[in-house]
Structures are given as C-alpha cells and as structure tokens.
Amino acid sequence: MAYDENNIFAKILRGEIPCDKVHENSHALAFKDINPQAAIHVLVIPKGAYVDLTDFSANASAEEIAGFIRTVGETARILGMTTDGYRALTNIGEFGRQEVPHLHIHLFGGQQLGRMIKPPEK
C-alpha cells in the first residue's frame with residue numbers, strides 16, 4: 001500500500017477535515033474515533049507521512065519514533081486509561097485489515113474488551 005497524500009488522516013493533519021482532538025504535540029495528533037468500538041476509542045497518528053508501522057519503523061527518525069510512542073502513552077494517561085488497562089492496536093496491510101494508508105494506533109478502553117481475535121478453528 002502506497003502513501004496517499006489525500007487520505008483522511010492527511011486531510012485532518014492539514015486542517016481540511018475537523019477532528020475531536022484529545023492531545024497534540026510536534027510529533028503526533030490524538031483524536032476520538034468517529035465510529036467508536038469501545039467506551040473510549042482514540043486514534044493516535046504521527047504527523048509524518050508513513051503508511052504503517054513497518055514503514056514508520058524503517059524510515060522515521062529516532063526522534064519521530066520516540067515522540068510518537070510517548071504520545072501514545074501520554075494520551076492513555078490523559079484519558080485515565082492506565083489504571084484499569086487499555087488496548088493499543090495498529091492494523092497493517094490487507095490481512096491486518098488496514099483501511100487508511102497512514103499509520104494510526106487505536107487506543108481502546110473504559111470497559112472490558114474481551115478477546116482480541118478468535119483462535120483458528122482446528
């Protein structure tokens with residue numbers, strides 16, 4: 001999957017589409033998901049043009065990587081998710097069901113989340 005400068009997250013970063021911002025710094029933006037799948041569901045995106053975690057880990061600077069990961073943790077703390085726990089998830093590629101070609105980490109919390117995936121049938 002190639003990076004698309006017109007993906008929805010790129011448009012949010014450029015201010016072309018509004019978002020319900022939770023946290024922002026020089027490395028990343030965190031905002032509420034428009035279709036929440038849990039009591040708390042936030043997306044954290046880097047400000048750089050990276051398709052997914054594989055692209056980001058190979059091409060981002062050490063400062064970008066540290067800043068982005070710190071923003072994920074800061075966002076969870078701001079939302080009060082660290083006491084009871086939360087899930088951080090990123091989808092990568094077709095098999096991972098990635099829909100937007102811009103790295104994003106979903107933070108889910110505020111409730112019991114259940115199993116992440118079903119085990120394969122035998």
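The paragraphs below lead through a predicted model, beginning with its sheet, moving on to a helix, and ending with a few single residues.

A good place to begin is the open sheet, which is built of five strands in the order S1-S2-S3-S5-S4, with antiparallel pairing. At its edges lie S1 and S4, each of which pairs on one side only. Going from one strand to the next, the reader will find a twist that averages 20°.

The side of the sheet that begins with S1 can be followed in some detail. Strand S1 covers residues 21-24, strand S2 covers 28-32 and strand S3 covers 40-46. S1 and S2 run antiparallel and are joined by three bridges, while the connection between them along the chain is a hairpin of three residues. Two of the facing positions can be picked out by name: Lys 21 stands opposite Phe 31 in S2, and His 23 stands opposite Ala 30, also in S2. On its way to S3, the pattern continues, for S2 and S3 also run antiparallel and are joined by five bridges. Here Lys 32 has Val 42 in S3 as its bridge partner.

How much of S2 is buried? Four of its five residues are, and therefore S2 is largely enclosed by the rest of the structure.

The next element to look for is helix H3, which runs through residues 62-78 and so contains 17 residues. From its first C-alpha to its last, H3 reaches 24 Å, which is close to the 24 Å expected at 1.5 Å a residue. After the helix comes Gly 80, whose phi is positive, near 70°. H3 lies across S1, S2, S3, S4 and S5, and its direction makes an angle of about 160° with that of S3.

Which residues of H3 are buried? They are Gly 67, Phe 68, Thr 71, Val 72, Gly 73, Thr 75 and Ala 76. These buried residues pack against strands S1, S2, S3, S4 (86-89) and S5 (105-109), and also against helix H2 (53-59).

One residue that shows the meeting of strand and helix is His 23, which lies in strand S1. With a relative accessible area of 17%, His 23 is buried, because the cut-off for that word is under 20%. Leaving out residues up to four places away in sequence, His 23 touches Ala 28, Leu 29, Ala 30, Thr 71, Glu 74, Thr 75 and Ile 78. With one of these, Glu 74, the contact is also polar, since the two side chains are joined at 2.8 Å, inside the limit of 3.5 Å.

Aromatic rings offer another way to see how parts of the model meet. A pair of aromatic rings is described by the distance of the centres and the angle of the planes. The model has three aromatic pairs in its count. One of them is formed by Tyr 50 and Phe 56, whose centres are 5.1 Å apart and whose planes stand at 80°, which makes the pair edge-to-face. Both rings belong to buried residues, as Tyr 50 has a relative accessibility of 10% and Phe 56 has a relative accessible area of 3%. Phe 56 also pairs with Phe 68, again edge-to-face, at 5.3 Å from centre to centre and with 70° between the planes. Since Phe 56 lies in helix H2 and Phe 68 in helix H3, this pair ties together parts that are 12 residues apart in sequence. Phe 68, like Phe 56, is buried. Taken together, the ring pairs link Tyr 50, Phe 56 and Phe 68 into a cluster.

The last stop is Thr 90, which is found in the loop between S4 and S5. Is Thr 90 buried or partly exposed? Its relative accessible area is 24%, so Thr 90 counts as partly exposed. Leaving aside neighbours within four places in sequence, Thr 90 is in contact with Leu 53, Leu 103, His 104 and Ile 105. For His 104 a further detail can be given, as the side chain of Thr 90 reaches the backbone oxygen of His 104 at 2.9 Å. Ala 49, by comparison, is 41 residues apart from Thr 90 along the chain, and the C-alpha atoms of the two are separated by 16 Å.

How values were computed:
Residues are numbered from 1 along each chain as its sequence is written. Side-chain values use heavy atoms; hydrogens and water are left out. The expected span of a helix is 1.5 Å times one less than its number of residues. Buried means under 20% relative accessible area, exposed over 50%, partly exposed in between (1.4 Å probe, protein chains only). Contact means heavy atoms within 4.5 Å. Two strands pair if DSSP finds at least two bridges between them. A polar contact is a pair of N or O atoms within 3.5 Å; within protein, one must be able to donate a hydrogen and the other to accept it, and residues adjacent in sequence count only if both atoms are side-chain atoms. Rings of Phe, Tyr and Trp (its six-membered ring) pair if their centres lie within 6.5 Å; planes under 30 degrees apart count as stacked, over 60 as edge-to-face and the rest as tilted. Axes are lines fitted to C-alpha atoms, for helices over the stretch in contact, and angles run from 0 to 180 degrees between N-to-C directions.
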